[in-house]
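Good morning, and thank you for making time on the agenda. I would like to take you through one model, strand by strand, and then turn to its core and its loops.

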Amino acid sequence: MTKELFLKLAKKIRCFNKKRYNFSLPKEEYKIRESMYSSFFYHLALNGNAICGENMTMGTRLSLETWGQTSHLNERYCKKCEKIKNNEKYL
Ligand SMILES: [Zn+2]
């Protein structure tokens with residue numbers, strides 16, 4: 001095997017491994033973040049950023065299952081975030 005061929009093959013294997021690695025990365029999960037401007041107004045976030053682009057948000061300990069639930073606190077949920085999440089498969 002020539003040196004060139006060896007390097008070519010090594011490069012291919014590296015690419016293959018990289019792809020496999022990316023494929024096995026866990027899917028980023030949505031988190032609920034609260035607006036800093038108004039209390040009980042929630043956004044959906046990935047990697048700590050609201051997906052609608054709002055950047056004045058803070059983390060909450062709410063689980064995603066509580067999204068959309070309202071109580072006497074009169075929680076409100078960002079419509080834009082919801083739309084983006086629901087349409088993600090079409091993006
Ligand atoms: Zn939002």
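Strands S2 and S5 are paired in the parallel sense, through two bridges. Please bear in mind throughout that this is a predicted model. Within that parallel pair, phenylalanine 41 faces arginine 76 of S5 as its opposite residue.

S2, which spans residues 41-46, has further partners. Strand S1, residues 31-35, pairs with S2 in the antiparallel sense, and four bridges connect them. Two of the positions along that pairing can be named: lysine 31 stands opposite alanine 45 of S2, and arginine 33 has histidine 43 of S2 as its bridge partner. S1 and S2 together make a hairpin, with five residues between the two strands.

On its way to strand S3, residues 49-50, the chain again gives an antiparallel arrangement, with two bridges joining S2 to S3. Here leucine 46 has asparagine 49 of S3 as its bridge partner. This too is a hairpin, with two residues between the strands, and asparagine 47 in the turn has a positive phi of about 55 degrees.

S1 also pairs with S4, in the antiparallel sense and over three bridges. Arginine 33 appears once more at this point, with glycine 59 in S4 as its bridge partner. Arginine 33 is thus bridged to histidine 43 in S2 and to glycine 59 in S4.

Let me set these pairings in the context of the whole chain. The protein contains two helices and five strands, and their order along the sequence is α-β-β-β-β-β-α. Of its 91 residues, 13% count as buried. Among contacts with a separation of 6 or more, 46% are between residues 24 or more positions apart.

Which residues make up the largest nonpolar core? There are eight: Ile32, Tyr42, Leu44, Ala45, Ala50, Ile51, Cys78 and Cys81. Strand S2 supplies the largest share of this core, namely three residues. Alanine 50, one of the core residues, has contacts beyond its neighbours within four places in sequence, and these are with Arg33, His43, Leu44, Ala45, Asn55, Thr57 and Cys81.

I turn now to the loops, beginning with phenylalanine 40. This residue is found in the loop between S1 and S2, and in that turn phenylalanine 40 has a positive phi of about 60 degrees. Is phenylalanine 40 buried or partly exposed? Phenylalanine 40 is partly exposed, because 13 other C-beta atoms lie within 10 Å, whereas a buried residue needs 20 or more. Leaving aside neighbours within four places in sequence, phenylalanine 40 is in contact with Leu73, Asn74, Glu75 and Arg76. Its C-alpha atom is also 8.1 Å from that of tyrosine 77, a residue 37 positions away in sequence.

Asparagine 74, one of those contacts of phenylalanine 40, lies in the loop between strand S4 (57-59) and strand S5 (76-77). Asparagine 74 is exposed, because it has 9 other C-beta atoms within 10 Å, and the limit for an exposed residue is 12 or fewer. The C-alpha atoms of asparagine 74 and serine 39 are separated by 9.5 Å, although the two residues are 35 apart along the chain.

To close, I return to S2: this strand pairs with S1, with S3 and with S5, and the largest share of the core comes from S2. Thank you; I would welcome your comments.

How values were computed:
Residues numbered from 1 in each chain as written. Predicted model: local features only at pLDDT ≥ 70, side-chain atom pairs only at ≥ 80, totals over all residues. Core = buried A, V, L, I, M, F, W, Y, C linked by C-beta atoms within 7 Å. Contact = placed C-beta atoms within 7 Å. Pairing = 2+ DSSP bridges.
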